[in-house]
Amino acid sequence: MDTKAFPQPARMALEKFPHVFNDQTLYAGPLGAAWAPGRINIIGEHTDYNDGFVLPAAVDRVAAFAGRMRHDQTIRLWSHHFEAYAQFSLEGLPETFAAQRTDLPGWARYILGVISELRRDGIELHGFDAVVGGDVPLGSGMSSSASLEVSTAEACSFFSNGKFTIGIEGATLTPMQVAAVCQRAEHAASGLRSGILDQAASCIGRPGKAALLDCRSYEYRYIPFDTPGISIMVIDTNVRRELASSAYNERRQQCEEATLLLRDLIAPHDPESAQQITALRDISPAQFTQYKEYLPEILRKRAGYVIAEDERVFQVVAALEQGDIEAVGPILWRGHEGLRDEYQVSCMELDTLVDIAHSVNGVLGARMLGGGFGGCTINLVHNEAIEALSQAVEKYYPERTGRQATIDICRAAGGPGQSVA
């Protein structure tokens with residue numbers, strides 16, 4: 001079995017499969033694997049559920065399934081990370097989702113959610129046995145749940161005996177349609193009203209590229225993001241957060257309230273423009289400047305951050321297209337200030353990592369990454385400064401927080417994949 005082209009987590013899952021599942025009479029297809037990447041987001045945080053713009057890149061960390069299609073409607077899973085089994089049935093889905101969800105561990109609920117949403121869309125699926133693995137850090141801000149969801153869709157495609165395909169032309173679902181399915185599954189599994197950023201980034205990743213994504217139209221184009229001499233350092237606070245029980249959903253509601261108030265303020269003076277306003281994405285910086293004083297302070301902060309963040313996305317895109325990576329750094333610092341002071345989703349540990357990065361020569365820029373309240377920072381760093389930043393984090397972060405940080409160096413990588421072993 002030559003698996004050299006497979007990501008490491010897929011290879012490990014393939015090696016584990018015959019030791020976990022070994023009843024050959026159950027299987028109707030070949031042994032194989034499917035995988036999908038985690039992501040970083042260069043800029044454009046919390047803009048996705050405001051119908052705005054984001055600039056993510058898939059990274060070389062994946063969630064993976066390895067297994068074989070079954071003759072029946074049963075799905076059996078073994079998690080390499082949790083060393084635990086889970087089992088459910090395709091029969092009755094999506095109607096049986098709530099009942100089956102109750103008996104599953106948290107990680108398996110995301111898988112059930114994706115499969116249930118695929119069935120809701122009328123897609124024919126087969127049962128399978130699979131080992132689930134991955135190297136996307138859990139809860140870190142690199143979208144471990146989205147990579148698991150998208151890899152689930154890829155696995156379902158692999159185990160469907162050719163009846164369910166993913167691709168651009170002639171496929172059952174396009175990559176962005178898969179992202180939408182997985183977004184719905186995230187809502188069902190976690191209760192988090194997240195935008196489509198994470199799932200889309202996993203679906204459309206391309207090596208050496210970021211993707212400028214319009215979260216309203218789902219249109220996207222690729223932006224160069226492979227600069228020699230510059231590395232992406234992702235530094236994990238090791239603070240885990242439950243976004244559904246945090247203020248994440250509250251932020252979304254506040255943005256919706258701010259949109260309605262601003263639309264009502266604009267309508268008497270510009271009724272034609274007001275009719276087009278359905279999200280903060282539709283309010284220009286000039287309009288916000290004119291009417292922001294009429295908003296309650298908390299809504300003024302939330303809306304101000306989102307409107308400015310959409311502008312920062314295009315500032316970064318312009319810099320990258322001009323090959324000016326140095327210009328990206330100051331935009332990242334400003335983005336973190338907005339997340340900390342206006343959107344208020346940072347925390348002491350995230351702020352500490354950004355402060356440490358600011359003190360190291362050769363760091364272009366840094367900011368918190370992901371939903372907030374814990375997780376990671378993203379740092380753009382000259383290669384010769386990697387060691388200096390690593391040493392500064394190892395020295396000062398424990399002193400200031402009482403915690404140890406974890407450092408990863410990532411690169412922009414490709415999207416999902418599947419293959420016979």
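In the predicted model, Gln 183 is located in helix α5, which spans residues 175–190. With a relative accessibility of 13%, Gln 183 falls under the 20% limit and therefore counts as buried. When neighbours within four places in sequence are set aside, the contacts of Gln 183 are Ser 194, Gly 195, Ile 196, Gln 199 and Tyr 218. One of these contacts, Tyr 218, belongs to the hairpin of β6 and β7, where Tyr 218 adopts a positive phi near 70°. This hairpin has 5 residues between its strands.

The two strands of the hairpin, β6 and β7 (residues 220–224), are paired in the antiparallel sense over 5 bridges. Within this pairing, Tyr 220 of β7 stands opposite Leu 213. Strand β6 (residues 209–214) is mostly covered, with 5 of its 6 residues buried. Strand β6 is also joined to β2 by 2 bridges, and these two strands run antiparallel. Here Leu 213 of β6 is the bridge partner of Val 54. Leu 213 thus appears in both pairings, opposite Val 54 and opposite Tyr 220.

Aromatic contacts were examined next. A search of the whole structure yields 13 aromatic pairs. Phe 53 and Phe 314 form one such pair with edge-to-face geometry, at 4.8 Å centre to centre and with 65° between the planes. Because Phe 53 lies in strand β2 (residues 53–69) and Phe 314 in helix α10, the pair ties together parts that are 261 residues apart in sequence. The two rings are assigned to separate accessibility classes: Phe 53 counts as buried at 16% relative accessibility, whereas Phe 314 is partly exposed, with a relative accessible area of 37%. Helix α10 also contributes Tyr 305 to a pair with Tyr 343, the latter in the loop between α11 and α12 and 38 residues apart from Tyr 305. The pair of Tyr 305 and Tyr 343 is tilted, with 4.9 Å centre to centre and 40° between the planes. Tyr 305 is buried, with a relative accessible area of 0%, and Tyr 343 likewise counts as buried at 0% relative accessibility. Elsewhere, ring pairs link Phe 17, Phe 21, Tyr 27, Trp 78 and Tyr 85 into a cluster.

Helix α10 (residues 297–321) additionally meets helix α7 (residues 248–266), their axes coming within 9 Å and crossing at roughly 95°. The two helices are therefore roughly perpendicular to each other. On the α7 side, the contact is made by Arg 251, Gln 254, Cys 255, Glu 257, Ala 258, Leu 261 and Leu 262. On the α10 side, the contact involves Ile 298, Leu 299, Arg 302, Ala 303 and Val 306. By residue class, the contact of α7 with α10 comprises 8 nonpolar, 1 polar and 3 charged residues.

A further element of the model is an open sheet of 4 strands, arranged in the order β9-β10-β8-β11 with antiparallel pairing. Strands β9 and β11 (406–410) stand at the edges with a single partner strand each, so one side of each is left without a neighbour in the sheet. From one strand to the next, the twist averages 25°. Within the sheet, β8 and β10 run antiparallel and are joined by 7 bridges. In this pairing, Met 233 is placed opposite Asn 379 of β10.

Two helices were found to pack on the sheet. Helix α12 touches β8, β9 and β10, and its direction makes about 175° with that of β9. Helix α13 touches β8, β9, β10 and β11, and its direction makes about 10° with that of β8. Helix α12 (residues 348–358) is mostly covered, as 8 of its 11 residues are buried. The buried residues of α12 are Glu 349, Leu 350, Asp 351, Thr 352, Leu 353, Val 354, Ile 356 and Ala 357. The elements covering these residues include the strands β8 (230–236), β9 (363–369) and β10 (376–382), together with the helices α11 (328–341) and α13 (386–401).

How values were computed: Residues numbered from 1 in each chain as written. Predicted model: local features only at pLDDT ≥ 70, side-chain atom pairs only at ≥ 80, totals over all residues. Heavy atoms only, no water. Axes fitted to C-alpha atoms, helices over the stretch in contact; angles between N-to-C directions. Parallel < 35°, antiparallel > 145°, perpendicular 65-115°, else oblique. Contact = heavy atoms within 4.5 Å. Nonpolar A, V, L, I, M, F, W, Y, C, P; charged D, E, K, R; others polar. Buried < 20%, exposed > 50% of the residue type's maximum accessible area, 1.4 Å probe, protein only. Pairing = 2+ DSSP bridges. Phe/Tyr/Trp six-rings, centres within 6.5 Å; stacked < 30°, edge-to-face > 60°.
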